[in-house]
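This report describes one protein chain, from its overall dimensions to two backbone details. The sequence and structure are shown first.

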Amino acid sequence: ALSRLPLRDWIVLKLDMSYALRPGELFGLRWSCFDPELCQIEIKETAYKGKIRPWGKTKGSLTKIPIAKQLAEELQAWRKQCREEQQQKKNWYGPTADSPEAFIFPGRNGGFIDASNYRNRVLHKLAREMELPKLTFQVIRRTMATLAKDMGHIKDIQGMMRHSRLATTTDVYMQS
């Protein structure tokens with residue numbers, strides 16, 4: 001599935017599938033949140049209903065997440081691609097990828113991407129191509145939790161999902 005996608009969408013879905021990020025966490029990420037030296041991303045704020053919020057869904061939402069070195073390198077390549085594309089656009093209104101305040105995944109105007117727009121344009125299209133009944137960020141998070149139930153302790157999975165309550169992880173996200 002990922003091989004069919006352009007670099008931006010490859011990274012968005014890789015972050016989502018590997019680290020169970022919520023869409024508001026993904027699309028609220030700025031370049032200041034990414035530390036390529038430490039291979040980590042810090043969730044500092046979230047994008048929700050057209051606004052940036054300095055809080056997350058749960059107490060554990062705003063946190064530092066270690067990422068694989070390969071993913072850090074892909075993010076570096078994405079930043080370079082963003083710089084080049086932004087330099088070519090005459091009507092670029094947002095901060096450039098050189099700015100720490102620029103969004104890692106900017107929309108057309110330089111602001112953050114709307115999650116429902118992304119779901120409709122990218123995830124639904126991918127679901128049709130792969131003949132999947134449904135593909136959303138929620139489906140991906142639930143799949144992550146369900147697959148992880150045989151790979152580690154439930155508390156570890158709760159931490160990965162950044163849920164406040166263990167029951168949310170076990171009763172809502174882990175499914176047979």
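Is arginine 162 buried or exposed, and why? Arginine 162 has a relative accessibility of 6%, and because residues under 20% count as buried, arginine 162 is placed in that class. The model is a predicted one.

Arginine 162 sits in the loop between α6 (154-161) and α7 (166-173). Its phi is near 60°, a positive value in a residue other than glycine. A second such residue is alanine 20, with a positive phi of about 55°. Alanine 20 lies in the loop that links α1 (7-19) and α2 (23-27), and counts as buried because its relative accessibility is 0%. For background, most residues other than glycine have a negative phi.

| Residue | Phi | Loop | Relative accessibility |
|---|---|---|---|
| Alanine 20 | about 55° | between α1 (7-19) and α2 (23-27) | 0% |
| Arginine 162 | near 60° | between α6 (154-161) and α7 (166-173) | 6% |

The protein as a whole contains seven helices and five strands. Their order from the N terminus is α-α-β-β-β-β-β-α-α-α-α-α.

The radius of gyration is 16 Å, which agrees with the value near 16 Å for a compact globule of 176 residues. The C-alpha trace spans about 50 × 35 × 30 Å along its principal axes. Of the contacts between residues at least 6 apart in sequence, 55% join residues at least 24 apart.

Buried residues account for 44% of the 176 residues. The exposed area is about 10000 Å², with 52% supplied by carbon and sulfur atoms. There are 30 positive and 19 negative side chains, and the centres of these two sets are 6 Å apart.

Note on methods
Residues numbered from 1 in each chain as written. Predicted model: local features only at pLDDT ≥ 70, side-chain atom pairs only at ≥ 80, totals over all residues. Heavy atoms only, no water. Helix = DSSP H or I, 4+ residues; strand = E, 2+ residues; numbered from the N terminus. Rg over C-alpha atoms; globule rule 2.2 N^0.38 Å. Buried < 20%, exposed > 50% of the residue type's maximum accessible area, 1.4 Å probe, protein only. Contact = heavy atoms within 4.5 Å. Areas by Shrake-Rupley, 256 points an atom, 1.4 Å probe, with all protein chains shown as cover. Lys, Arg positive; Asp, Glu negative; His and termini not counted. Charge placed at Lys NZ, Arg CZ, Asp CG, Glu CD.
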